[in-house]
Amino acid sequence: MRASRVAASLYGARAAVCEMPFATVASDSLGGVGGTCVLRGCVPKKLLVYASKYSHEFEENHGFGWRYGTEPKHNWSTLMTNKNLELQRLVGVQTNMLKNSGVTIIEGRGKVVDPHTVSVDGKLYTAKNILVAVGGRPSMPDIPGIVHVIDSDAALDLPSRPEKIAIVGGGYIALEFAGIFNGLKSGVHVFIRQKKVLRGFDEEVRDFVADQMSLRGITFHAEETPQAVTKSDDGLLTLKTNKGSINGFSHVMFATGRKPNTKNLGLEEVGVKMDKHGAIVVDEFSRTSVDSIWAVGDVTNRVNLTPVALMEGGALARTIFGNEPTKPDYSAVPSAVFSQPPIGQVGLTEEKAIEKYGDVDIYISNFRPLRATLSGLPDRVYMKVIVCANTNKVLGVHMCGEDAPEIIQGIAIAVKAGLTKQNFDATIGVHPSTAEELVTMRSPTRKVRRDAADESDQSISNRGNNRQVSVFQAAPEKSNPRLQPVKNGDEL
């Protein structure tokens, strides 16, 4: 959509978009203008996150003096109906955006038949350039009983609320749905193959979010690999793993990753190269192995985020039609996990920063936010700022806590601009707010150095890094109690 709109509206190119008819759950013949993010991803998921957060807010407000005559009750069908009405509205909005930009919409399933021709349900269309931007689909393992399992598409459009659900997977999709169903009062068990959730995220953030979600009633099963799903006569499901079996689930959901949606597109036949996972291989300008065919978004398996796909689409239009060859820029891409509590991050993790720069200073704050002082709930906020010790440039910022995604968007501008820790320190905080902590952390929690430590210094292990580094624990400032070492649940 972004590539065609920019091409048509800014450069006067003739452009058409091929898309299948709308449905809330995708199939080989159904999809909808707007794609995964708008219809089966970010938008409906966030609407369900909003719905699920109210139960926690009901608990919070008791400490502020609120009382109710009866317990709050949730109507699942109302939520699903209103969600689907909003999706239908968005399909109309997206369709009008294309038409108003001068883009032709061709409804149906497309297939590439030669380097310049696409067949849509048997009708042929020719073009100088073809862009493949079909995104990805949920990936399911081949195990016995997989027919009883739902994926993220189905989880967004269930006819009734799960009483008890097993979610298999430790990535952001699994955690987001765990928070949704937990907030809507389902019993939630999360099964992960590794020791920790969110592989690739900052190690301490991984620990923190799992602890906080556990406190809200979600049960995590680490190092458990699913082997089979069985269904009993009463309709309940049993999940068998390498460590045993747990029964009594009304639903089992697999959030075990996504794969490029390249099946049956005719790409192999015309010579488009793909990797072993089915992702289209492209050069730095998003061109495939066939000169007239291009690809952007999750189908290329680069940085799989909607705003990144939009950036790639815009860069492609400038490259082809604007006489301005433009490479997508993947530096300092911010992202969020709408878990509960949510995560916001931009830049390098501590582990990646040590690997790349060697000498880094780490600033950490783990505190009880003001709201929790009256709510009485064990909610905490975790913040980390990673700084290059040699240049004082801020390399990464990570946060887990309420409003983290909103806060990180502003911080991402600073990290993208290459600002230093002095710039952060010179910025006046907004008080009282959670975000102000990001500009008030003055003393590093620890300093990581590439060279071996002097024996007289207090040093700890290098946190698994293969390089020879030393970590010096710095004493926090006495004037700021929120920088004192704390454990979950400690009051400050």
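The chain of this predicted model is divided into three parts, and the bounds show how they follow one another: domain 1 is made of two stretches, 1-137 and 259-322, domain 2 covers 146-256, and domain 3 runs over 334-448. A reader who follows the chain therefore passes through a stretch of domain 1, then through domain 2, and then through another stretch of domain 1 before reaching domain 3.

Let us look at how domain 1 and domain 2 are placed against each other. Their centres, taken over C-alpha atoms, are separated by 26 Å, and the contact between them draws 21 residues from domain 1 and 19 residues from domain 2. The size of an interface is often given as the accessible area that is lost when the parts come together. For domain 1 and domain 2, the area buried between them is about 1,500 Å², and 62% of it lies on carbon and sulfur atoms.

Polar groups also take part in this interface. Between domain 1 and domain 2 there are three salt bridges, and the side chains of E176 and K45 meet in a salt bridge with a distance of 3.2 Å from N to O. This pair counts as a salt bridge because its distance falls within the 4 Å allowed between a side-chain nitrogen of Lys or Arg and a carboxyl oxygen of Asp or Glu. The count of residue pairs in polar contact between domain 1 and domain 2, with both residues at pLDDT 80 or more, is nine. On the side of domain 1 that touches domain 2, the elements that give two or more residues are α3, which spans 42-61, and α4, which spans 76-100. Of the elements on that side, α3 gives the most, with nine residues.

We now turn to the loop between α13 (421-425) and β22 (446-449), where P432 is found. H431 is also found in the loop between α13 and β22, and an unreviewed UniProt entry lists H431 under "active site". Is H431 buried or exposed? With a relative accessible area of 65%, H431 is exposed, because a residue is given that name when its value is over 50%. P432 has a relative accessible area of 59%, so P432 is exposed as well.

Two further distances help to place these residues. The side chain of H431 is joined to the side chain of E436 by a polar contact of 2.8 Å. P432 and P369 are 63 residues apart along the chain, and their C-alpha atoms are separated by 9.9 Å.

Technical notes:
Residues are numbered from 1 along each chain as its sequence is written. This is a predicted model: local features need pLDDT of at least 70, side-chain atom pairs count only at pLDDT 80 or more; totals for chains, interfaces and linings use all residues. Side-chain values use heavy atoms; hydrogens and water are left out. Helices (H or I, at least four residues) and strands (E, at least two) are DSSP runs, numbered from the N terminus. Buried means under 20% relative accessible area, exposed over 50%, partly exposed in between (1.4 Å probe, protein chains only). UniProt positions are given in the numbering used here, feature names are shortened, and annotations may be inferred rather than shown by experiment. A polar contact is a pair of N or O atoms within 3.5 Å; within protein, one must be able to donate a hydrogen and the other to accept it, and residues adjacent in sequence count only if both atoms are side-chain atoms. Contact means heavy atoms within 4.5 Å. Buried area is the accessible area (1.4 Å probe) that two parts lose on being put together, summed over both.
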